[in-house]
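Visitor: I should like a close look at one part of this assembly, namely the salt bridges that link its chains. Please take me through them in a connected account.

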Number of protein chains: 12
Amino acid sequence: MTTTPITSTLTDEQQSVAGKALQDTLVDLIDLSLIAKQAHWNVVGKQFRSVHLDLDELVTVSREFTDAAAERATAIGVSPDGRAETVAKTAHTKGFGEGWTKDSDVVESIVDNLKAVVAGLRERIGVTEEADPVTQDLLISFASKLEQLHWMWQAQIV
Amino acid sequence: MTTTPITSTLTDEQQSVAGKALQDTLVDLIDLSLIAKQAHWNVVGKQFRSVHLDLDELVTVSREFTDAAAERATAIGVSPDGRAETVAKTAHTKGFGEGWTKDSDVVESIVDNLKAVVAGLRERIGVTEEADPVTQDLLISFASKLEQLHWMWQAQIV
Amino acid sequence: MTTTPITSTLTDEQQSVAGKALQDTLVDLIDLSLIAKQAHWNVVGKQFRSVHLDLDELVTVSREFTDAAAERATAIGVSPDGRAETVAKTAHTKGFGEGWTKDSDVVESIVDNLKAVVAGLRERIGVTEEADPVTQDLLISFASKLEQLHWMWQAQIV
Amino acid sequence: MTTTPITSTLTDEQQSVAGKALQDTLVDLIDLSLIAKQAHWNVVGKQFRSVHLDLDELVTVSREFTDAAAERATAIGVSPDGRAETVAKTAHTKGFGEGWTKDSDVVESIVDNLKAVVAGLRERIGVTEEADPVTQDLLISFASKLEQLHWMWQAQIV
Amino acid sequence: MTTTPITSTLTDEQQSVAGKALQDTLVDLIDLSLIAKQAHWNVVGKQFRSVHLDLDELVTVSREFTDAAAERATAIGVSPDGRAETVAKTAHTKGFGEGWTKDSDVVESIVDNLKAVVAGLRERIGVTEEADPVTQDLLISFASKLEQLHWMWQAQIV
Amino acid sequence: MTTTPITSTLTDEQQSVAGKALQDTLVDLIDLSLIAKQAHWNVVGKQFRSVHLDLDELVTVSREFTDAAAERATAIGVSPDGRAETVAKTAHTKGFGEGWTKDSDVVESIVDNLKAVVAGLRERIGVTEEADPVTQDLLISFASKLEQLHWMWQAQIV
Amino acid sequence: MTTTPITSTLTDEQQSVAGKALQDTLVDLIDLSLIAKQAHWNVVGKQFRSVHLDLDELVTVSREFTDAAAERATAIGVSPDGRAETVAKTAHTKGFGEGWTKDSDVVESIVDNLKAVVAGLRERIGVTEEADPVTQDLLISFASKLEQLHWMWQAQIV
Amino acid sequence: MTTTPITSTLTDEQQSVAGKALQDTLVDLIDLSLIAKQAHWNVVGKQFRSVHLDLDELVTVSREFTDAAAERATAIGVSPDGRAETVAKTAHTKGFGEGWTKDSDVVESIVDNLKAVVAGLRERIGVTEEADPVTQDLLISFASKLEQLHWMWQAQIV
Amino acid sequence: MTTTPITSTLTDEQQSVAGKALQDTLVDLIDLSLIAKQAHWNVVGKQFRSVHLDLDELVTVSREFTDAAAERATAIGVSPDGRAETVAKTAHTKGFGEGWTKDSDVVESIVDNLKAVVAGLRERIGVTEEADPVTQDLLISFASKLEQLHWMWQAQIV
Amino acid sequence: MTTTPITSTLTDEQQSVAGKALQDTLVDLIDLSLIAKQAHWNVVGKQFRSVHLDLDELVTVSREFTDAAAERATAIGVSPDGRAETVAKTAHTKGFGEGWTKDSDVVESIVDNLKAVVAGLRERIGVTEEADPVTQDLLISFASKLEQLHWMWQAQIV
Amino acid sequence: MTTTPITSTLTDEQQSVAGKALQDTLVDLIDLSLIAKQAHWNVVGKQFRSVHLDLDELVTVSREFTDAAAERATAIGVSPDGRAETVAKTAHTKGFGEGWTKDSDVVESIVDNLKAVVAGLRERIGVTEEADPVTQDLLISFASKLEQLHWMWQAQIV
Amino acid sequence: MTTTPITSTLTDEQQSVAGKALQDTLVDLIDLSLIAKQAHWNVVGKQFRSVHLDLDELVTVSREFTDAAAERATAIGVSPDGRAETVAKTAHTKGFGEGWTKDSDVVESIVDNLKAVVAGLRERIGVTEEADPVTQDLLISFASKLEQLHWMWQAQIV
């Protein structure tokens with residue numbers, strides 16, 4: 001399909017800025033959900049239960065935000081791309097190691113990944129202020145929740 | 001972590017066969033869920049609503065089965081790998097095209113992907129009968145549901 | 001509609017065996033639900049309340065299994081037939097007498113009908129093992145529940 | 001059981017009129033539920049999903065009304081007969097063809113069957129006004145819902 | 001309070017007829033709920049459990065109808081009287097004996113009381129047809145349910 | 001669309017009478033819901049909370065009845081008209097004043113509006129008895145509830 | 001039934017004391033529930049809504065406690081008597097006037113009735129301490145809730 | 001009532017700007033809900049079911065936002081006006097044609113109306129940024145949801 | 001673990017008395033739950049359904065009380081012992097015979113077991129009054145419920 | 001307001017004793033809920049998750065008991081005082097340190113605070129036995145739950 | 001614990017501004033919840049019920065916002081302080097008088113306290129715009145709800 | 001009762017094999033539930049909370065499977081024996097030590113017990129394949145869940 005079937009109330013410029021911010025957020029969030037699931041299955045150690053459960057909450061949050069980001073893109077007429085290959089190639093996350101992983105290593109890895117995703121969001125909040133306050137408002141709500149989770153995971157390190 | 005922290009009641013041979021069947025199933029199911037979401041966002045056409053909703057049911061099923069496959073692997077002492085890159089490189093699905101997609105094209109693509117995933121499952125049901133009847137029973141339940149969905153999607157083509 | 005719009009991953013031979021097993025099961029289950037409803041309305045006697053309520057549980061189970069059997073047939077590309085006339089002519093149940101019926105007679109009639117339906121299922125479980133393990137698994141789950149109900153109804157006779 | 005165990009506050013004349021109206025309604029409704037299920041399984045075409053789902057709503061309504069009609073018969077001392085053979089022989093519905101059926105054909109068949117059932121109800125509403133206002137009120141509630149469904153199915157033809 | 005604070009859209013004649021029908025129904029229903037509770041506590045015998053539970057369903061129905069009857073009276077500007085003394089003096093029920101009561105005696109007593117209450121309702125359905133169709137419709141719904149219960153209790157006698 | 005796509009089992013005469021009764025009821029109920037919302041927002045005074053909450057219950061009832069009236073019209077093949085302008089021009093309600101309104105004034109206004117709507121319903125209950133008992137039954141159920149609310153609002157005036 | 005079918009672990013003396021306390025409580029609570037319903041229907045005035053709703057909460061509490069008192073009597077082998085005439089003759093409540101009643105009068109009447117019921121309970125809490133601590137504990141729980149309601153109703157007088 | 005009973009923490013200037021934005025939004029949203037209901041009843045065509053259901057979701061959203069807009073107005077001391085005549089005269093929507101309407105025409109009409117309502121919101125988001133960020137935040141949330149619906153309806157046109 | 005990790009606010013004397021009362025109660029309740037389950041599976045006879053269901057309610061109550069007794073022991077620093085061997089050796093219940101059991105025999109056995117458990121509780125209520133009113137209150141609540149069940153089971157014998 | 005608007009069935013002496021016991025309990029419980037929230041926010045360490053969640057359960061319990069204590073005071077005619085300054089000045093808790101706090105320190109602090117609150121309750125249970133058994137019963141239920149929590153928190157120290 | 005275990009993505013300057021805004025908000029909200037509870041218990045007068053219930057809604061809102069404010073502080077690495085003494089000394093609320101309080105006085109006091117809390121929020125919304133848009137967004141959502149409540153309480157004064 | 005009241009569709013040989021497998025499973029599962037409860041009460045240590053909660057999930061699973069095993073035995077005409085003494089004497093579990101137990105010791109003990117129960121199940125899955133596929137299917141479902149729990153408990157050891 002070569003033509004664009006969904007129109008937008010934004011200018012081309014605004015659409016381009018907001019669209020890029022949303023596509024970048026989308027791949028980060030999908031990867032975050034895959035990383036959290038990977039950790040959910042491979043964690044071992046005394047804190048197994050609490051880490052295992054916390055990770056599923058992170059999965060739920062990531063998936064919900066993924067959908068919200070993608071559907072905001074469609075709402076401004078931009079086709080979102082969340083396919084495996086696109087995620088593998090363009091996400092700005094820190095990734096997750098192979099095989100069984102000790103609980104304390106899992107916690108540190110999640111903190112690092114959350115930090116990376118939040119950093120991207122903070123930047124895009126600045127960029128979208130002018131382009132589209134509706135998109136900005138969505139990114140603020142993502143940052144709000146992920147910064148809360150960042151604290152909760154970090155609090156387990158001390 | 002180089003040692004294997006989780007022991008299994010299966011022999012090494014059985015563990016190897018069942019573990020491979022589960023890992024192969026895992027990546028297919030993750031990719032199926034990503035494909036279904038991609039289609040969910042990009043579908044356009046008269047049947048938009050029903051296709052859009054059906055796809056979310058497929059996402060839910062795929063995610064549930066993904067978790068079951070991964071946790072069956074851990075239960076027999078095999079570390080599952082569901083990271084983006086692994087999925088992108090090893091899944092046996094048919095993929096999904098770029099950008100906005102017409103509803104009838106979406107339906108055909110989903111039918112093709114379901115067919116491919118079911119074919120893999122059917123093969124592994126045969127392979128695991130000896131190795132581990134518990135794993136086989138799980139794969140049978142996956143096939144049962146995905147064959148039902150295969151019918152429902154195919155029924156929309158005529 | 002002369003052509004077959006729904007394809008199957010089974011061979012023609014397998015499809016034929018599994019399809020017949022499912023169609024035979026389907027009519028038995030529909031008739032079982034109609035018999036249970038008939039008894040539900042016509043029972044009289046001291047045990048009225050418990051028999052009346054138990055029969056509705058049997059109706060619910062029969063209807064749920066009916067749907068599962070029919071949709072398994074469609075999943076393997078076989079069109080199911082559950083119309084009144086087909087049921088009246090082909091079901092292997094024992095039927096139910098006319099008019100108001102004493103509670104103890106109802107109990108015996110239900111036990112007989114359950115026994116007949118289970119006997120059919122046991123036979124088809126053997127037949128479908130080779131043809132389609134997914135269909136076999138479904139029939140096993142039907143037998144499991146109906147044998148439980150067979151015990152519960154029989155326990156009221158002593 | 002030759003005697004009538006359930007007494008009625010109606011006269012024999014009233015009981016006979018109301019009892020016949022309820023028995024005729026009963027078989028029509030059971031057949032309607034079997035037809036709707038048959039269509040639910042065998043429909044194919046672009047509108048598969050919406051037709052498939054609508055049919056299950058029709059099944060639910062038919063079953064609920066079936067029970068209400070049968071239990072109103074018992075309440076006035078008349079034994080209801082809802083067995084497969086009685087339904088096959090005495091229902092005034094239009095039936096449903098064999099095998100896979102195109103969505104538009106399903107819609108037309110359902111409209112025809114609803115029309116036939118409503119026609120029977122309208123006649124019996126007139127007949128029961130004198131005999132038993134309680135029975136009449138029940139038949140009015142059936143007609144009200146089935147005429148609503150008649151509109152909804154017909155609206156899909158245009 | 002000597003004046004009537006609630007006005008009615010009915011004529012004085014209509015209000016008087018409908019008001020009397022509702023007040024008579026009200027006391028019958030309150031007494032029915034007290035009788036059912038009394039039986040609920042004092043029943044003994046093999047059928048204890050089913051009779052005990054059935055009686056609570058009768059209590060629930062009676063209380064719900066009591067409220068509906070009273071609030072219909074208020075809706076047409078008639079003050080309802082449901083005080084203990086009024087109930088004790090004016091109800092047309094058959095009452096209930098003192099002390100522990102055998103299950104079969106309970107069943108017969110409930111059937112008798114239901115019959116008496118239904119007889120009153122049938123009479124008032126005739127009387128209110130002209131006076132107020134809204135009140136008549138309410139009384140029809142009471143009769144419908146109580147006749148169903150009359151069957152269910154009677155079915156336990158045989 | 002010039003032709004009538006929805007057929008009816010009523011005669012043209014009956015359809016015309018019932019259709020008019022339903023259209024008149026429809027606009028009255030929509031306006032009642034808008035008046036109740038307007039009052040909900042603008043009420044001030046000691047009884048603010050109870051009046052504010054009661055009004056939302058009235059809104060809920062009005063909207064539910066609106067939908068039932070409109071869908072009864074469609075069920076008999078009559079296209080309902082509930083657009084703002086039609087409501088503004090044809091409703092038989094008493095309206096509601098501008099700006100902040102004292103609680104006691106709100107109560108009186110609601111009583112007046114309910115009285116007007118009920119008066120219309122009472123008239124149409126008489127008119128539709130012959131034309132369509134199904135429509136009449138619906139209007140009776142509206143009157144029943146609105147007369148109950150009329151009492152409840154009036155009870156607050158004394 | 002002349003013999004006592006239910007045995008008790010209490011001595012005859014203890015059974016007699018606890019049994020009387022429970023029977024006295026039973027009739028008070030039934031009458032309280034009838035009084036509260038009577039007030040619920042007949043209240044008029046500015047506070048109509050809050051008084052009307054509060055009264056239904058009192059009905060619910062009274063009915064729940066009634067059942068608990070009666071079933072405690074049965075548990076110690078004493079047949080409870082909650083029939084209309086027994087209530088009318090032996091309750092120690094203050095009663096409720098005839099016809100429509102102003103909200104402030106309702107509040108005062110309820111406060112008086114609650115005070116009378118609580119006074120009876122307080123007395124019986126003292127009496128049952130020796131006879132049966134289980135019965136005493138039940139009466140304490142009744143007093144606790146009714147004293148709370150006594151405050152809430154009294155708080156509306158000031 | 002000539003005086004203003006509700007005070008605001010905004011300056012007169014701010015209150016005037018935000019108040020106007022909210023009143024304009026209010027009438028647009030009420031009309032949108034009436035238009036969606038009108039379409040809900042009058043739609044005919046193959047897509048009847050999905051369009052009929054989607055419209056009710058739009059009604060729900062519109063009503064929820066209507067209430068939020070009106071109560072934000074009251075929160076800043078401005079009396080909202082949502083009466084039928086005010087809506088009919090001042091709404092900036094595109095309206096909806098008379099009588100039965102084809103599904104594709106309904107979809108286009110809804111897209112046009114959503115576009116018009118969103119355009120108004122976008123303008124007011126700019127205007128209220130300075131005057132009242134709380135009001136602006138509310139309007140952003142409306143735009144976010146309505147732009148999502150705009151995409152979903154538009155996606156059905158292709 | 002030789003030391004006592006959980007401290008108590010009771011004196012050693014009080015702790016010893018209350019601890020023994022709770023441990024004795026604990027084993028009785030576990031055995032009661034096992035007996036009830038054994039009866040639940042092995043009952044046969046006309047009353048099968050009601051006895052079968054009642055027994056599961058007894059299981060639920062016994063398990064809930066078991067947990068409460070054990071956790072009250074831990075709360076006062078006493079380690080509870082609910083292992084199979086301890087139960088088999090120290091419970092004061094009457095046990096339950098082997099194999100299929102007639103419904104009337106089941107009822108009598110349950111009445112005997114309840115009587116034995118209640119007798120133990122009554123004794124410990126006396127003993128703990130001084131030692132620990134909190135423990136006593138818990139035992140009173142157990143006796144209250146089990147005496148109610150004792151009545152309900154006994155009522156089925158007559 | 002100088003006069004006492006709420007009367008009590010207790011003597012002045014009894015009211016004074018029970019009132020003081022409840023006011024002392026009230027401030028302890030409010031402070032316990034504030035301490036638990038403070039710890040909930042400031043805890044860090046490996047056990048973060050379980051401690052964080054446990055603390056919210058303690059908050060819920062404390063708030064529920066606070067309300068029960070205060071409303072028992074009102075029920076006996078005593079005005080409760082739960083304002084911040086009163087709590088800060090009169091609570092007998094052990095307080096909680098400033099800033100981020102290690103999980104093991106949190107656990108010890110909570111155990112100490114629970115111990116202090118329970119000690120107060122135990123004292124008041126003795127004092128209120130004569131004065132008011134209803135109040136005593138409430139304090140016993142508080143002690144029962146808080147002693148259970150005391151065990152659960154202490155069990156984490158070992 | 002002297003070091004700061006939780007890091008932040010904000011600069012020191014931003015963290016300081018946002019942290020202060022959140023700490024100030026925190027103590028105001030805790031005090032608001034304590035004031036609302038105090039009023040909830042001590043209110044007397046004709047409007048007792050509605051004021052009593054409204055106050056609990058205010059408590060719920062205040063507690064929810066308290067938690068959100070505190071956890072936003074932790075999310076940016078600032079330790080929140082919500083202890084009783086801190087609240088008593090630093091809150092900017094208007095407080096609440098001692099003892100039983102007339103309903104109209106309660107309403108005025110709540111309006112004053114809400115006004116004071118909103119004033120603080122409005123100031124901090126301005127201050128945090130630059131420092132941290134995520135914190136600002138949270139404060140806007142608090143203001144939105146509290147201004148709504150301010151209207152609802154004020155509406156009761158007129 | 002010497003005769004066997006429940007008949008089976010299995011041959012005597014099949015019944016004997018399947019019956020023994022189910023009885024052996026039954027006692028293992030009951031003992032597992034008692035062991036898990038014992039551990040639930042006696043665990044102490046840093047991981048108290050997560051171990052305490054996990055154990056209750058194990059209790060729930062064991063009880064559910066116990067019931068399923070026992071009712072499968074009845075379904076094939078074999079009387080199950082789950083009495084305390086039978087469990088104490090015939091279970092193949094590893095047992096659980098006396099008194100308070102450290103969390104790490106609890107984890108190891110549970111892993112050992114799960115391993116023993118799974119080993120028994122694996123053996124019986126082989127044995128019942130021929131005798132009764134319905135029983136085998138049940139045992140496979142038990143093994144599937146218990147192997148998952150085996151992993152989860154083992155994961156906490158590392």
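Guide: In this predicted model, R72(E) and E147(F) meet through their side chains in a salt bridge, with an N to O distance of 2.7 Å. R72(E) belongs to helix α2 (residues 48-75) of chain E, whereas E147(F) belongs to helix α5 (residues 133-154) of chain F, so the pair joins two chains. Both ends of this bridge are withdrawn from the surface. R72(E) has a relative accessibility of 4% and therefore counts as buried, the cut-off being under 20% relative accessible area. E147(F) is likewise buried, with a relative accessible area of 3%.

Arginine 72 and glutamate 147 also appear in a wider arrangement elsewhere in the assembly. R72(A), D132(A), R122(H) and E147(H) are joined into one network by salt bridges that share partners.

Residues with the numbers 122 and 132 can be followed in another pair of chains. R122(C) forms a salt bridge with D132(L), and their closest N and O atoms are 3.0 Å apart. This pair, too, joins two chains, because R122(C) lies in helix α4 (residues 103-131) of chain C and D132(L) in the loop of chain L between α4 (103-131) and α5 (133-154). D132(L) has a relative accessible area of 0% and is thus buried.

A further bridge has both partners in chain C. The side chains of R83(C) and D81(C) meet at 3.0 Å, N to O, and both residues are buried. Over all chains, the structure holds 156 salt bridges.

The chains that carry these bridges can also be compared as copies. A turn of 120° with a shift of 0.0 Å along the axis lays chain E on chain C, with an RMSD of 0.0 Å. The two copies are therefore related as by a three-fold rotation axis. Within chain E, the C-alpha nearest that axis is the one of S50(E), at 4.2 Å. The two copies use different surfaces, since 10% of the contact residues of chain E recur in chain C.

As for the fold in which such residues are set, an unreviewed UniProt entry annotates residues 20-157 of chain A as "domain: Ferritin/DPS". Over that span, chain A is 79% helix and 3% strand, and the end C-alpha atoms are 34 Å apart.

Notes: Residues are numbered from 1 along each chain as its sequence is written. Chains are lettered from A and ligands numbered from 1 in the order in which they are written. This is a predicted model: local features need pLDDT of at least 70, side-chain atom pairs count only at pLDDT 80 or more; totals for chains, interfaces and linings use all residues. Side-chain values use heavy atoms; hydrogens and water are left out. UniProt positions are given in the numbering used here, feature names are shortened, and annotations may be inferred rather than shown by experiment. Helices (H or I, at least four residues) and strands (E, at least two) are DSSP runs, numbered from the N terminus. Copies are superposed by least squares on the C-alpha atoms of residues with pLDDT of at least 70 in both. Contact means heavy atoms within 4.5 Å. A salt bridge is a side-chain nitrogen of Lys or Arg within 4 Å of a carboxyl oxygen of Asp or Glu. Buried means under 20% relative accessible area, exposed over 50%, partly exposed in between (1.4 Å probe, protein chains only).
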